Amino acid sequence: MHDTILVPTDGSEPADRAVDHALTLADRYGADVHALYCVETHRYGEPALSSTELVLDDLEDRGAAMLETVGERAASADVDCRWTVCHGRPWEEVREKAAELDADLIVIGYQGQSHTRTDRIGSVAERIVRTADRPVLTV
């Protein structure tokens, strides 16, 4: 049913639940998981030799650390997992990565770190659900 599952993460609690769900599905269907963390460069501009570059480098390092943890969790579940840190707008990068991988499913937390209202879907998840050309499961 699923061969490749894409799971974007920002380290939030809903994203962690999405990772757990993606790993469970991957184990059940023998799928590979690809985890994605996106540094939102549109918030800061493209890096130059400035404090912006330091901020983006720090965000990239944090994202890589999160994704390494996802990889460790996948290994513990005996699931093949690769990961990527990218730069851009998260909803666009998720769609592009899903197309590149020909992912069968995107599993995403229903809201991310910057979302403060628990009764609504986050803007990134909403845009992905609305515009993706493949199934999206929000957790």
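Q: In what order do the five strands form the open sheet?
A: In this predicted model, the five strands make one open sheet with parallel pairing. Neighbouring strands in the sheet are turned against each other by 25° on average, direction ignored. The strand order is 3-2-1-4-5.

Q: Which strands stand at the edges of the sheet?
A: An edge strand here has a single partner strand, so one side of it is left without a neighbour in the sheet. The order of the open sheet is 3-2-1-4-5. The edge strands are strand 3 (81-87) and strand 5.

Q: How many bridges join strand 2 to strand 3?
A: Strand 2 (residues 32-39) and strand 3 run parallel. Within this pair, H34 stands opposite R82 in strand 3. The number of bridges joining the two strands is seven.

Q: What angle does the direction of helix 2 make with that of strand 3?
A: Helix 2 covers residues 51-76. Helix 2 packs on the sheet and touches both strand 2 and strand 3. The angle between the directions of helix 2 and strand 3 is about 165°.

Q: Which strands does helix 4 touch where it packs on the sheet?
A: Helix 4 spans 123-131. The direction of helix 4 makes about 160° with that of strand 4. The strands touched by helix 4 are strand 4 and strand 5.

Q: Is A22 buried or exposed?
A: A22 is found in helix 1, and touches I5, V7, V33 and V107, not counting residues up to four places away in sequence. Its relative accessible area is 0%. Because the limit for burial is under 20%, A22 counts as buried.

Q: How far apart in space are A22 and A74, C-alpha to C-alpha?
A: A22 lies in helix 1. In sequence, A22 and A74 are 52 residues apart. Their C-alpha to C-alpha distance is 9.5 Å.

Q: Why are E13 and R17 separated by about one helical turn?
A: E13 and R17 meet through their side chains in a salt bridge, at 3.0 Å from N to O. E13 is exposed, with 58% relative accessibility, whereas R17 is partly exposed at 32%. The two are separated by about one helical turn because they sit in helix 1 (residues 13-29), at a spacing of four residues.

Q: Which residue forms a salt bridge with D16 across distant parts of the chain?
A: The closest N and O atoms of this salt bridge are 3.7 Å apart. The pair links D16 in helix 1 to a residue of helix 2, 57 residues apart. D16 is partly exposed, with a relative accessible area of 31%, and its partner is also partly exposed, at 25%. That partner is R73.

Q: Which residues are linked with D16 in a network of salt bridges?
A: D16 forms a salt bridge with R73. The network also takes in a further residue, D20. The residues linked with D16 are D20 and R73.

Q: Where is D102, the residue that meets R134 in a salt bridge?
A: The N to O distance between the side chains of R134 and D102 is 3.8 Å. R134 is in the loop between helix 4 and strand 5 (136-138), and D102 is 32 residues apart from it. R134 is buried at 15% relative accessible area, while D102 is exposed at 54%. D102 is in the loop between helix 3 (90-101) and strand 4 (105-108).

Methods. Residues numbered from 1 in each chain as written. Predicted model: local features only at pLDDT ≥ 70, side-chain atom pairs only at ≥ 80, totals over all residues. Heavy atoms only, no water. Salt bridge = Lys/Arg side-chain N within 4 Å of Asp/Glu carboxyl O. Buried < 20%, exposed > 50% of the residue type's maximum accessible area, 1.4 Å probe, protein only. Contact = heavy atoms within 4.5 Å. Pairing = 2+ DSSP bridges. Axes fitted to C-alpha atoms, helices over the stretch in contact; angles between N-to-C directions.
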